[in-house]
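Here's a quick look at how charged side chains and cysteines pair up, or don't, in one chain. Pull up the coordinates and follow along.

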Amino acid sequence: MTEPDMLDRLLDMARWAPSGDNTQPWRFEKLGDRQLRVHGFDTRDHCVYDLDGHPSQISFGTWLETFSIAAASKGWRMNIDQLDFSDEPRPRFDISIHPADAPSQQELAAQIEKRSVQRRPLHRTPLTAQEKSALQSCLPEGMAVHWLDQRFERLKTAKLLFHSAKLRLTIEEAYEVHRDIIEWHAQFSTDKVPDQALGASPGTVLLMRQVMKSWQRVKFFNTFLAGTWAPRIELDFVPSICCAAHFVIHASRPARDPQDYVEAGRAIQRFWLQASALSLQLQPEVTPLVFSRYSRESRHFSRSAHAMPMAHDIRGRMERLLGTDLAERAIFMGRVGHGPAAKARSIRRPLSSLQV
């Protein structure tokens with residue numbers, strides 16, 4: 001493969017990096033055969049889960065790690081020449097590739113396109129000591145994984161997610177996000193989340209299609225017809241019980257600036273790819289972390305009067321589950337276990353539409 005083709009090949013692999021709600025907040029500008037400028041953009045102006053830009057910054061990290069692994073697998077080394085957050089909502093990364101001694105990291109590179117989100121119940125067979133060790137050892141120095149794999153821990157985590165889902169489903173700001181990112185009648189989606197990948201039963205999906213046509217309908221169902229119960233049970237409580245373990249990836253200190261979150265994203269992607277290499281399925285569980293952080297920072301995130309008290313409650317549950325110190329150092333949370341790969345999933349925009 002010639003050098004001009006190599007950068008395109010690496011970009012074609014790296015575009016499979018995960019991002020919140022499949023937003024793919026990056027565009028690529030080739031500056032030469034070995035140089036690239038990545039134009040990032042966060043979603044703070046319209047996404048209630050990204051008001052401080054941190055989830056998008058984690059996504060930038062997942063992309064950088066994906067590109068780095070892709071390059072290593074082809075016998076190249078990625079170098080970050082500049083990481084510019086002077087315009088924080090629209091950062092810019094300049095990277096270059098250089099020949100390496102030999103190809104490496106092929107096992108992780110082979111998972112880049114296979115890795116996906118599985119939102120349906122998984123087997124409860126416990127992870128082996130070898131699987132846990134492999135997942136811990138792939139994390140960089142200063143980061144570790146905390147396991148919640150005992151039956152009572154899975155139950156407490158299920159209750160945490162059940163309460164977090166109620167907040168998620170009863171504020172208009174979150175409704176607007178969900179309305180815009182779900183692609184109905186779809187098994188795959190290039191820039192959204194297909195409804196068949198949500199993990200809900202066909203009946204619940206049918207109901208969601210009708211109810212989510214307007215916020216007024218959502219409020220009516222929530223108020224008079226217990227509208228949050230079916231999705232909270234199917235999408236949060238049952239999957240939380242039906243898995244091998246929940247996990248929390250945490251750093252040695254709380255993340256403070258965009259670069260901390262970028263480094264967190266790099267670690268998360270290595271963990272996720274390693275899980276995929278072990279034939280494990282994974283689902284992120286990030287909303288409790290987001291609402292807990294909004295509570296700690298007293299960040300106003302909704303017009304609804306009940307939103308902040310519920311966020312304080314979620315923070316309290318999180319701290320009782322993990323301890324205050326660990327809860328503040330947590331950077332990512334999810335569930336993992338053996339099971340079939342998702343039959344429906346988000347795919348990606350074609351590379352041509354991501355290039356400047």
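What follows covers the salt bridges and then the cysteines.

Keep in mind that this is a predicted model.

**Salt bridges**

How many salt bridges does a search of the whole structure find? The count is 22. Three of these pairs are set out here, with the N to O distance for each.

| Acidic partner | Basic partner | N to O distance |
|---|---|---|
| Aspartate 12 | Arginine 15 | 2.7 Å |
| Aspartate 52 | Arginine 293 | 2.9 Å |
| Glutamate 65 | Arginine 266 | 2.7 Å |

Let's start with aspartate 12 and arginine 15, whose side chains meet at 2.7 Å. Aspartate 12 is partly exposed, at 24% relative accessible area, whereas arginine 15 counts as buried at 12%. This pair also has company: Arg9, Asp12 and Arg15 are joined into one network by salt bridges that share partners.

Next up is the bridge between aspartate 52 and arginine 293, at 2.9 Å from N to O. Aspartate 52 sits in the loop between strand E2 (35-40) and helix H2 (54-73), while arginine 293 belongs to helix H11 (residues 287-297), so this contact ties together parts of the chain 241 residues apart in sequence. Both ends are out of the way of the probe: aspartate 52 is buried, with a relative accessible area of 4%, and arginine 293 is buried too, at 10%.

Glutamate 65 and arginine 266 make another link between distant parts of the chain. Here the closest N and O atoms are 2.7 Å apart. Glutamate 65 is in helix H2 and arginine 266 in helix H10 (residues 258-277), which puts the partners 201 residues apart. Are they buried or exposed? Glutamate 65 is buried, and arginine 266 is as well.

**Cysteines**

Now for the sulfurs. The disulfide count comes to 0. Take cysteine 138, which is in no disulfide: the nearest cysteine sulfur belongs to cysteine 243 and is 18 Å away. Cysteine 138 is buried, with 11% relative accessible area.

Why does cysteine 242 have no bond to cysteine 243? The sulfur of cysteine 243 is the closest cysteine sulfur to that of cysteine 242, but the gap is 7.8 Å, too far for a bond. For a disulfide, the two sulfur atoms would have to be within 2.5 Å. Cysteine 242 is also buried, at 18% relative accessible area.

Methods
Residues numbered from 1 in each chain as written. Predicted model: local features only at pLDDT ≥ 70, side-chain atom pairs only at ≥ 80, totals over all residues. Heavy atoms only, no water. Buried < 20%, exposed > 50% of the residue type's maximum accessible area, 1.4 Å probe, protein only. Salt bridge = Lys/Arg side-chain N within 4 Å of Asp/Glu carboxyl O. Helix = DSSP H or I, 4+ residues; strand = E, 2+ residues; numbered from the N terminus.
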